[in-house]
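Colleague: I would like to learn how to read the packing and the empty space in a model of this kind. Could you take me through it one feature at a time?

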Amino acid sequence: MNRTTARRANRSTLDGVDDLLTDVPAATYRYGVVDDRGVSMDTLKVVEDPAGGYFAVYHSRPRKNAFTVHLAHSRDLMTWHHRADLDHDASQPMITPLADGGFLVAVEAGGAGRPAWLRVCRYPTRESLLDARPDRTFDAPHTLVPADRYAEGTPHIEHASPDGSVIDLGFHYFRDGTVDRQGRGRLTDFRDWRCAPEPALDAAIEAWGVRGNIGGRDSALILSDGVASERIILIEGQLRPGDWGSWRVFKYDSVTKRASPLAIRTHGGSTAFANPTVTALRSPRGGSALVVTLFVFSEGAAAGEAGPLIYFRDLRR
């Protein structure tokens, strides 16, 4: 395929990407996602299982101020079977497969009144993930806020080397003890941690009147015939501090440094969305698909739509 043909293929793939991200009634969907134990799969993130089907990480809160991170498996993206508890006193998990067959899981660690911090675990094989046995773990020191006062958390795994020896992470930090804002860091050899604020990303979201928290984000690279088409970056922003009904999801362009709000459409017209994740994967029907997960806050939810939401649609050329 020459470059002109590739560009045309990419363009046809990208036509209507925003529609794929926002039109829940046109997708295969499930509101109020729970695992086979009836546990709500809050903040779930989905990836492919190389052995077939899909993995998801998510958290639950079995008791006040005590979260547990779980792993579940599915064959159809809709029905999930719990497989392991990966971490305790941890939340907001993210997972990514490694090119060498392993997995990375990043969480927001901490609880019981302790300011949160970032934790990254490497699972060298699929079996070690199912057994909840990481071979490397790193607890990141606070670098943008005082460790004894403010949180750094809600990780996003943006990129990792094939063996996980170099990991680029996005996260939020509790700036000046008033609002969550964005940071980016690099972890090398599970020892060296370097990070800095991301004011350009904050400014792009603030331009839409966001005065509350700017927190969780995720990204996915869409491919067409093996050619990279577009990197989708989704991020949550709270219009008004303390107002759970004012959470919205934005799409960020890292080239132009601009963001735009996503007009997410549900069956009942829910309005408050957060904890966005997006994954490009092979759908249960065999083609390429885009799967999105969100948390629908009760303060802006239509009847029967509150809680974790998952939906996916096939990519068309």
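**Reading contacts, cores and spaces**

Modeller: Let us start with one residue: serine 283 is in contact (heavy atoms within 4.5 Å) with Tyr54, Ala289, Phe312 and Asp314, once its neighbours within four places in sequence are left aside. This is a predicted model, in which local features need pLDDT of at least 70 and side-chain atom pairs count only at pLDDT 80 or more, while totals for chains, interfaces and linings use all residues. Residues are numbered from 1 along each chain as its sequence is written, and side-chain values use heavy atoms, with hydrogens and water left out.

Colleague: Where does serine 283 lie, and is serine 283 buried or exposed?

Modeller: Serine 283 sits in the loop between strand 18 and strand 19, where strands (E, at least two residues) and helices (H or I, at least four) are DSSP runs numbered from the N terminus. Serine 283 counts as buried because its relative accessibility is 4%; buried means under 20% relative accessible area, exposed over 50% and partly exposed in between, with a 1.4 Å probe and protein chains only. Proline 62, in strand 3, is by contrast exposed, with a relative accessible area of 56%, and it touches Phe67 and Thr68, not counting residues up to four places away in sequence.

Colleague: How should I read a nonpolar core, and which residues of the largest one touch the most other members?

Modeller: In soluble globular proteins, nonpolar side chains tend to be buried together. A nonpolar core is a set of buried Ala, Val, Leu, Ile, Met, Phe, Trp, Tyr and Cys residues joined through side-chain atoms within 4.5 Å. The largest here has 22 residues, and Leu21, Ile232, Ile264, Val278, Leu290, Leu294 and Tyr311 touch the most other members. Strand 19 gives the most to this core, with 4 residues. Isoleucine 232, leaving aside its neighbours within four places in sequence, is in contact with residues including Val17, Leu21, Val278 and Leu290.

Colleague: What is left as empty space, and how much of it lies in the largest pocket?

Modeller: Rolling a probe the size of a water molecule over the atoms shows where empty space is left. On a 1 Å grid over the protein atoms alone, a cavity is a set of points where a 1.4 Å probe fits but cannot get out, whereas a pocket is an open set with protein on both sides within 12 Å along at least five of seven lines; lining residues have an atom within 4 Å of a point. Points are joined across faces, edges and corners, and a volume is the space filled by probe spheres set on them. The largest pocket holds about 1100 Å³ and is lined by 39 residues, with Phe67, Ser91, Gln92, Glu108 and Trp244 nearest its centre. Strand 3 gives the most to this lining, with 3 residues.

Colleague: And how many cavities of 30 Å³ or more are there?

Modeller: The count comes to 1, and the largest cavity holds about 80 Å³, with Thr43, Gln92, Met94 and Arg217 among its lining residues.

Colleague: How many disulfides does a search of the whole structure find?

Modeller: A disulfide is a covalent bond between the sulfur atoms of two cysteines. Here the test is a pair of cysteine sulfur atoms within 2.5 Å, and the search finds 0. The sulfur of cysteine 121 is 18 Å from the closest cysteine sulfur, in cysteine 195, which is too far for a bond.
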